[in-house]
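Grab a coffee and open the viewer. Below are some short exercises to try before you peek at the solutions.

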Amino acid sequence: MFPTPIEKSSRAVQISYQAFLPFALIVWLLPLIAVMIFSIRPAVDFTNGNYWGWPSSFEGFTNYGKVFFESAMPRYLMNSVLITVPTVIGTVALACMTGFALGVYKFKGNLLIFFMFIAGNFVPFQILMVPVRDLTVEMGLYNTKTGLVLFHIAFQTGFATLFMRNFIRALPFPLIEAARVEGVAEWRIFWYVVLPLMKPAIAAMAVLIFTFIWNDYFWAVVLTQGPESQPVTAGITSFNAQYRAAYHLMSAGSIVAALPPVAMFFLMQKHFIAGLTLGAVK
Amino acid sequence: MTASSDSHSPAQRGWYKRNEIAITPWLFLAPGVIFFFIYVVAPIWQSFGLSLYDWNGLGDVQTNGEYVGLENYNKLFGLNGERADRNFGISLSNNFKWLALYLLAIPGGLFIALFLNQTVPGIRLYKSLFFFPFVISQVVVGLVFSWFYLPNVGLLNVIIGWFGMESTNILGDRTWATYGIIAAGLWPQTAYCMILYLTGLNAVDPEQVEAARLDGAKGWKMLWYVIIPQLKPATFIAFVVTVIGALRSFDLVSIMTGGGPFGSTRVLSYYVFEKSLSERGLQYGYAAAIAVVLFLIMLVFISYFLWAMYQDEKGAR
């Protein structure tokens, strides 16, 4: 193990390490902690210039209550859910199929298609922006959640295919061959042999794509406008415009907007990290 | 089975059965590939085409736009008697700043990973909390940092005030604003690199480490000659995601400064958006030309990534 395990060093080193940990964490998360403190302050603190002193009263419930009951925030949150969940389902479905095709079969063009997915996944969004927007307008889906979902599914399929294909590659191939010898149809092999083994990959993909899509801002701005279809990342800017300089509300709003992926991460940590670090270990 | 198979002509059924293994992958690929083609591959070509037109985004390019050949590119680079677009130059140089400084996330992430790679009580929670910034959307990161940087009252200025320094308005300063945004971007990016390296460190071969220790290697030497070579796959992925992240920087610029002050924090991705969809824009052909330049820069890296992955695939066979 590297660095040398701390248990092997002197008691003093061990204690100072453990004491330094929380300090380092606080420094690392300082900007975030600052916002959390902002979000429980009363408005009067900001007008009095008391930004960093002890809050004159605890207004956490009032501030978050305002965000939830007196602003368009719940609507944006709902839009985010309605955009994110179908995207996750669609992407995982498509990528299981493409990953199966590319991972199991040897055919001409296999690697080429695989590389097309990877390369497409890396392109700058801006080169897609105008054509995708025009396409969405033409289909009558501009400013709809469906328009956003369709694009997200298509784009995320690139990354998800990379993941699924490599995962399927690592499965024991004799299993598939045994099924073939038994005369099992190929689609049944997919459904009854491969898919059940892919559960961990599906879970990892689902949490990752959930986070990516929830946090998307660029496409939300390009393909939607207004509270009827905008997700929370885009909604927060209009929310902030509404409460300009009301830092207590803006920070409460930001924390609410950031929370779902955070919750997802803590609930599904193992899968999340497995997905993110795919390929980091050979 | 028998009843339903009667409706198929025996020849057709036989043909499918005989070619099942050849056809199945294409059936499975079709939906994904078609979708990807419509939304990703085709738009790239369309943007290339668009960059040869002068078009205000109304109606159809072919009818309402005017074909101008390479004129848009001439304007960008100041070729053929045109004056070079200064804003394009600023955006381009900012992109290189992003790229160079963003790479600091890799050693930064490694450093934190080494720091946290211990087994003390509660370390798992510490690792998760250190990773935290990556999970939050860039929009919120941008907001959080712009409040952190607030002149006079922002926490940063409060802290540097303790050391007797004068309050600065980082995001309002032409020279410093871009660096302020990059610092905000480095925060989640370093967290990502950290988690990659933590996973990598977990898989470092303990026997090699012990053997090296017996040979008297320790500290930096051990890190450089024994550990880092074993972390190569993690470093590769960290490099890929960091480069992509640097060139994709849009959210932070848009949230924190909107390209200002005086256009000093524009990057190519933001400039494309500004020239087309913002109210100052509506020059779609010109915006497409900028997007093409950004794409070509990215293509250099994409080619390298694919080449490296191809070498890997060959090795795996």
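Here are four exercises, each with a worked solution.

This is a predicted model: local features need pLDDT of at least 70, side-chain atom pairs count only at pLDDT 80 or more, and totals for chains, interfaces and linings use all residues. Residues are numbered from 1 along each chain as its sequence is written, while chains are lettered from A and ligands numbered from 1 in the order in which they are written.

**Exercise 1.** Work out which helices and strands chain A has, and how its radius of gyration compares with that of a compact globule.

*Solution.* Start with the count: chain A has 15 helices and zero strands. (Helices are DSSP runs of H or I with at least four residues, strands are E runs of at least two, and both are numbered from the N terminus.) Next, the radius of gyration, taken over C-alpha atoms, is 24 Å for chain A, against near 19 Å for a compact globule of 282 residues. (The globule rule is 2.2 Å times the number of residues to the power 0.38.) Finally, the C-alpha trace spans about 75 × 65 × 30 Å along its principal axes.

**Exercise 2.** Find the buried residues of H10(A) and say how they are arranged around the helix axis.

*Solution.* First locate helix H10 of chain A, residues 186-197. Its buried residues (20 or more other C-beta atoms, placed from the backbone, within 10 Å of their own; exposed means 12 or fewer) are A:Glu186, A:Ile189, A:Phe190 and A:Val194. Seen down the axis, these fall within an arc of 100 degrees, so they line one face of the helix. (The arc is that of the directions from the helix axis to the C-beta atoms.) Now flip to the face turned away: there you'll find the exposed A:Arg188, A:Tyr192 and A:Pro196. Last, check the cover over the buried residues, which includes H5, H8 and H9 of chain A together with H3 of chain B.

**Exercise 3.** Is A:Gln230 buried or exposed?

*Solution.* Place the residue first: A:Gln230 lies in the loop between helices H12 and H13 of chain A. Then count: A:Gln230 is buried because it has 26 C-beta neighbours inside 10 Å. Its contacts (C-beta atoms, placed from the backbone, within 7 Å) beyond four places in sequence include A:Tyr76 and A:Asn79.

**Exercise 4.** Which helix of chain B gives the largest share of the side that touches chain A?

*Solution.* Begin with the totals: 82 residues of chain B are in contact with 76 residues of chain A. The largest share of that chain B side, 21 residues, comes from helix H3 (residues 20-50) of chain B.

Note on methods:
Contact = placed C-beta atoms within 7 Å. Expected span 1.5 Å × (residues − 1).
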